[in-house]
Amino acid sequence: MLSRFFESLYHKVFVNIVVLRSKTIVLIETVGNNGIMENIEESFNTTSLDDNMYNFISSYTNESPFYYVSLLDKTLSQGASPTCEKAQMDNYFDRSLSQYTCYHNRWVYYTSKVDIHSLQKEYSRVGVDFIFSPFVVLSQFFKDKIDTNMAMFILVEDTFVTLCIFDNSELLYAKHLDMEHYKGDDELLMEDQESNEIELDLAIDGDMNLEEIDADELDNLGDIEDLDSLDDLDEFSDAKDIEEELQENLEEMPVHEVDSFNEDYQRFLLIQGALNDFYKNDKHASQFIETVYIADGVGISGDLKRYLEEEMFLNVYIRNMDINVEICELAKAELK
Amino acid sequence: MRYSYIKPRRKSIFTAELQLLFVFFGITVFMLFLTYAFLLFKDYRFSQDVKDIDTKRVALNINIANMKKQITFIEKENLLSERIYTQNMVLKDSITNLFDLVPQRITLSEAKLLKNGLILYGITPNKDIYNFMLQAPLRSIFHKTYSSFYPLKNGWFRFVSTNYIDDNEVDDEIDNILNTDDEVKNES
């Protein structure tokens, strides 16, 4: 009662920190008895808590003892599973090593205890009050759609993609995918492609000695010719068209757009891989996905939507999201 | 509804700055209280001193009144002594004059000095010598004079002379003397 009285005398300060690939966005929201008083967003070119960021945060947290620091969990070891029964949870993750919370007693999201401790330690100078899972952010953001639809829901952020499949608020599948982790394989793939092309060019430019070509190789060539003759293979021709289109786009686009394009392509591959896993893995109750809702927290280009529509025949709906604002709303909701 | 992996830290309005502020406030209030208590104590002491001084003043006033009374009494005593001294001097002079008045032919056998009178016993050769040479000066000094004669065998007379001074007249004279003294003091 007394604490409530004192709380009403001060305004609340919500500090929301989201770490991106090369910078950190800090959103400060000051809330009084009559609503939001102040809303400041500041970007810092660092991924850790440096003096500049600390001073910026302290300048607001010093104004009121009732300040709350919220973080978004971006660790790799997190996930979600479709049950809240402890016995069944063990099928999905190690409970002894994980910190987990049930969402409306329907499904559970979890992360590593070690990661939580390291996050708390990293931000110990300002202190941490809330660590939110991207699964919760996604669920709250698409709450209206999750309750009434069977669809895939994707949270797209700078360096990760969080993916959930819900059937009328029942979780079927969830995956947290890190783009930086995936990038290595992709680059290797690209390098292989490039080296093949270079070898091919050298072979064309240089004197080609047909006698040195093995019969097996000639057989392979013959197979390729057979493939070329198959004009009625729509999928193959479509794929070729897309590759050509991608190549053209790459040449026309400025550098940053090329990066964006690459990222969207990576995201597409991640989503495609996750959806394949959902379909193929017997552990999940597999159902055909027709619709995908994307929470865009980074400003994706139209390419991702096009890939998903053209390649995976999905109905794509994109809703823009400020992830800092969503985290702030979650912090407010938790305090109520 | 809980969404976060961790619980928020307990918030308190008593931050380090506020605690410091309360400590300083506490010290200030304590010092003010001490000052107030000191002033109360001094005020109490002051009122006690005032009461003591009042009591002393009253006592001194009483003493002064007593001393004034004593001074008045001493002044009266002084006046009385002066009066007695004057009377004695007058008496002494009177006696000296008396003995000077007694002629050689009259012999005094006894003299009684009374408060307001003189009784003389003696022998005179005859009544005339007594009447002319002793009674006349006595009458000038005393207001009332009575003489009795007893004849002796050798023809002389034993006499008893009783002389009185009127008291009221003596007092009036002394008062006159005192009044003249007071007038002299006032003028000075």
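The following exchange walks through parts of a predicted model.

Visitor: Which residues of helix α11 of chain A are buried, and within what arc do they fall?
Guide: Helix α11 of chain A covers residues 302–312, and its buried residues are D303(A), L304(A), Y307(A), L308(A) and M312(A). An α-helix has 3.6 residues a turn, so residues three or four places apart point the same way. Looking down the axis of α11(A), one finds that its buried residues line one face of the helix, because they fall within an arc of 135°.

Visitor: Which residue follows α11(A), and what is its phi near?
Guide: The residue that follows α11(A) is F313(A). The phi of F313(A) is positive, near 55°.

Visitor: Is M31(B) buried or exposed?
Guide: M31(B) has its place in helix α1 of chain B, which spans residues 16–101. Together with L20(B), V23(B), F24(B), I27(B), F30(B) and L34(B), M31(B) makes a nonpolar surface patch of about 710 Å². Since the cut-off for exposed is over 50% relative accessible area, M31(B), at 51% relative accessibility, counts as exposed.

Visitor: How many residues has the largest nonpolar core, and which strand gives the largest share of this core?
Guide: The largest nonpolar core has 64 residues, and I17(A), V26(A), I57(A), Y109(A) and Y123(A) are those with the most contacts inside it. The largest share of this core, 6 residues, is supplied by residues 12–19 of chain A, that is, by strand β1.

Visitor: With which residues is I57(A) in contact, leaving aside neighbours within four places in sequence?
Guide: I57(A) is one of the residues with the most contacts inside the largest nonpolar core. With neighbours within four places in sequence left aside, the contacts of I57(A) are V15(A), I17(A), V26(A), L49(A) and V126(A).

How values were computed: Residues numbered from 1 in each chain as written. Chains lettered and ligands numbered in written order. Predicted model: local features only at pLDDT ≥ 70, side-chain atom pairs only at ≥ 80, totals over all residues. Heavy atoms only, no water. Buried < 20%, exposed > 50% of the residue type's maximum accessible area, 1.4 Å probe, protein only. Helix = DSSP H or I, 4+ residues; strand = E, 2+ residues; numbered from the N terminus. Arc of directions from axis to C-beta. Patch = residues over 30% accessible without salt bridge, like charges linked within 9 Å, V, L, I, M, F, W, Y side chains within 5 Å. Areas by Shrake-Rupley, 256 points an atom, 1.4 Å probe, with all protein chains shown as cover. Salt bridge = Lys/Arg side-chain N within 4 Å of Asp/Glu carboxyl O. Core = buried A, V, L, I, M, F, W, Y, C linked by side-chain atoms within 4.5 Å. Contact = heavy atoms within 4.5 Å.
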